[in-house]
Amino acid sequence: MAMRKPGYGSAYGNLENWYDAIYAPGATQMVHLKKLIEALPFFERVPDQSVILHENGTRYDRDIATRGRDYILVYTFNGHDLTFDLSKIDGTTKDAWWMKPETGQLTYIGNFSENQVRFVPAGRHKIGNDWMLIVTDASKNYFQQEPPTGKI
């Protein structure tokens, strides 16, 4: 997000100085994303919007997808229903989780053998109801927990 330097007007309407903005909630929550990114094979990851089967919008209604050989990550900013092609990754069955970016809290969704799956995040469709969907080849056991919820 935009940050400003003293003496330089506003940055896209933001009047907060950069040295204060680095402690904003969104900045301090990035640690959860970092842990997620480090938990999966990094160098095989590619951007891949083709995993998204629902009509992908623009601006705040646009979902962003990336995948490796055996996992998919999708970020949604507004908590709307999502439909994906899970055949794009390895594995006959896939495990899926929601991650709340603000807290890193993981919630296990279930195990899926279908190639086309619809996911519905908690809450209603509104700006700021953001979620990260994580889908992995179930045989990889990237996120083993007892029970399958926890914090990244």
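Are Asp130 and Lys100 buried or exposed? Asp130 is buried, and Lys100 is buried as well. The close-up views below come from a predicted model.

**View 1. Lys100 and Asp130 meet in a salt bridge.** The side chains of the two residues come together with a distance of 4.0 Å from N to O. This pair links distant parts of the chain, with Asp130 in the loop between E7 and E8, Lys100 in strand E5, and the two positions 30 residues apart. Strand E5 covers residues 94–100. Lys100 has a relative accessible area of 17%, and it counts as buried because that value is under 20%.

**View 2. Lys100 also forms a salt bridge with Glu102.** Here the closest N and O atoms are 3.7 Å apart. Glu102 has a relative accessible area of 29%, so it is partly exposed, whereas Lys100 is buried. Salt bridges that share partners join Lys100, Glu102 and Asp130 into one network. Leaving aside neighbours within four places in sequence, Lys100 is in contact with Gln105, Asn129, Asp130 and Trp131.

**View 3. Thr76 sits in strand E3 and touches the side chain of Asp63.** The strand is made of residues 71–76. Thr76 has a relative accessible area of 0%, so it counts as buried. Its side chain makes a polar contact of 2.9 Å with the side chain of Asp63. Which residues does Thr76 contact, leaving aside its neighbours within four places in sequence? They are Asp63, Leu82, Asn129, Asp130 and Trp131. Asn129, Asp130 and Trp131 also appear among the contacts of Lys100.

**View 4. Asp70 and Lys140 form a salt bridge.** The closest N and O atoms of this pair are 3.7 Å apart. The pair links distant parts of the chain, 70 residues apart. Asp70 is in the loop between strand E2 (64–67) and E3, and Lys140 is in the loop between E8 and strand E9 (149–151). How buried or exposed is Asp70? Asp70 counts as buried, because its relative accessibility is 6%. Lys140 counts as partly exposed, because its relative accessibility is 42%. Salt bridges in the model come to a count of seven.

**View 5. The largest nonpolar core has 17 residues.** Ile72, Phe84, Leu86, Phe119, Leu133 and Val135 touch the most other members of this core. Two or more residues come from each of E3, strand E4 (82–85), E5, strand E7 (116–119) and strand E8 (131–137). Which element gives the most to this core? E8 does, with three residues. Another core lies apart from this one and has ten residues, among them Leu73, Met99, Met132 and Phe143.

**View 6. Val135 and its contacts.** Val135 is one of the residues that touch the most other members of the largest nonpolar core. Leaving aside neighbours within four places in sequence, the residues in contact with Val135 include Ile72, Leu86 and Phe119, which are likewise listed among the core members with the most such contacts. Other contacts of Val135 include Tyr71, Ile89, Lys94, Asp95 and Ala96. Asp70 is also in contact with Val135, and this Asp70 is the residue that forms the salt bridge with Lys140.

How values were computed: Residues are numbered from 1 along each chain as its sequence is written. This is a predicted model: local features need pLDDT of at least 70, side-chain atom pairs count only at pLDDT 80 or more; totals for chains, interfaces and linings use all residues. Side-chain values use heavy atoms; hydrogens and water are left out. Helices (H or I, at least four residues) and strands (E, at least two) are DSSP runs, numbered from the N terminus. Buried means under 20% relative accessible area, exposed over 50%, partly exposed in between (1.4 Å probe, protein chains only). A polar contact is a pair of N or O atoms within 3.5 Å; within protein, one must be able to donate a hydrogen and the other to accept it, and residues adjacent in sequence count only if both atoms are side-chain atoms. Contact means heavy atoms within 4.5 Å. A nonpolar core is a set of buried Ala, Val, Leu, Ile, Met, Phe, Trp, Tyr and Cys residues joined through side-chain atoms within 4.5 Å.
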